[in-house]
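The following report describes one protein chain, moving from its overall dimensions to its strands and then to two neighbouring residues.

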Amino acid sequence: MKNIVIIGAGDLGKEVVWLIEDINKREPTFVILGFLDDDKDKLGGEFYGYKVLGSVSDLEAISSQRQCSAVIAIQNGSVRKKIVEEHQSFNSWESIIHPTAVIASTSPVGNGSIVFPQVTVSVDTKLGDFNLYYIHSTICNDCKIGSFVSIMSGASVSERAEVGDECFLAAGSCVYPHKRLGSRVEVGVEATASRDYADGAEVNEKSSGFSLFK
């Protein structure tokens, strides 16, 4: 079994505990050593049944003492990116994939990602690293998903769409077929990206309906 630490003792952190415990029910895979978090009030205490071992800056020291991998349980993709860049000497990032996720063999999950239950990824899609795929999110065929992307509950990316690095797709949002989102685009709750958007855009348009046959 692999030792693992979870970076982020918050809501997503306790959900990652749930995912890991479900994975272990199917096949013993991970031993959770504890959390790392920069909140001084949490240091030395416990969170969701596991010790808060130190701050994020302690990652390399803990890894040298006891060989382990790590996963970043932080919803903000830009924060995930900053952590990875600050720990370039650490190369044991783990992907946590719930057993009920349905992912085509031609669409492998990137390094350091978190995949929740009932996520679906169709064929021939390229998935970047350190992404978050939340419950019931769907990615269709031949898409390109960048790195440090957060795709929340019920969000969908239609066929041959492109989603740039550090994008955030809120719950129930949709990217239309063949459309391209630049980097750091935020798509609001139930909003639809029905055209291309440049870097840093905010998408809040709602659709009255979409049909492939129009």
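## Overall architecture

The protein chain contains three helices and 22 strands; these are DSSP runs numbered from the N terminus, with helices being H or I of at least four residues and strands being E of at least two. This is a predicted model, in which local features need pLDDT of at least 70 and side-chain atom pairs count only at pLDDT 80 or more, while totals for chains, interfaces and linings use all residues. Residues are numbered from 1 along each chain as its sequence is written, and side-chain values use heavy atoms, with hydrogens and water left out.

The C-alpha trace spans about 60 × 35 × 30 Å along its principal axes. The radius of gyration of the protein chain is 18 Å, which agrees with the value near 17 Å for a compact globule of 214 residues; this radius is taken over C-alpha atoms, and the globule rule is 2.2 Å times the number of residues to the power 0.38.

Of the 214 residues, 49% are buried, where buried means under 20% relative accessible area, exposed over 50%, and partly exposed in between, with a 1.4 Å probe and protein chains only. About 10,400 Å² of the protein chain is exposed, and carbon and sulfur atoms supply 46% of that area, as computed by the Shrake-Rupley method with a 1.4 Å probe. Among contacts (heavy atoms within 4.5 Å) between residues at least 6 apart in sequence, 29% join residues at least 24 apart.

## Strand pairing

Strands of a sheet pair through backbone hydrogen bonds, either parallel or antiparallel. Here two strands count as paired if DSSP finds at least two bridges between them. Strand β1 is mostly covered, with five of its six residues buried. From β1 the chain passes through helix α1 (residues 11-26) to β2, a β-α-β crossover that is right-handed: with the strands pointing away from the viewer, the path from the first strand over the helix to the second runs clockwise.

Three parallel pairings are listed below.

| First strand | Second strand | Bridges |
|---|---|---|
| β1 | β2 (residues 30-36) | six bridges |
| β1 | β5 (residues 69-72) | four bridges |
| β8 (residues 114-115) | β11 (residues 132-133) | two bridges |

Individual bridge partners can be located within these pairs. N3 is bridged to V31 in β2, and I4 to S69 in β5. I114 stands opposite L132 in β11.

An open sheet of seven strands, with parallel pairing, runs in the order β6-β8-β11-β14-β17-β20-β22. Its edge strands are β6 and β22 (202-203), each of which pairs on one side only.

## S95 and I96

S95 belongs to the loop between α3 (77-86) and β6 (96-97). With a relative accessible area of 19%, S95 is buried. A polar atom of its side chain lies 3.0 Å from the backbone nitrogen of G112, and the S95 side chain also reaches the backbone nitrogen of S113 at 3.1 Å. Leaving aside residues up to four places away in sequence, S95 touches V109, G110, N111, G112 and S113.

I96 lies in strand β6. I96 counts as buried because its relative accessibility is 0%. Beyond residues up to four places away in sequence, I96 touches I4, L19, I20, I23, F30, V71, S113, I114 and V115. The C-alpha atoms of I96 and P177 are separated by 28 Å, and these residues are 81 apart along the chain.

Definitions and conventions. A polar contact is a pair of N or O atoms within 3.5 Å; within protein, one must be able to donate a hydrogen and the other to accept it, and residues adjacent in sequence count only if both atoms are side-chain atoms.
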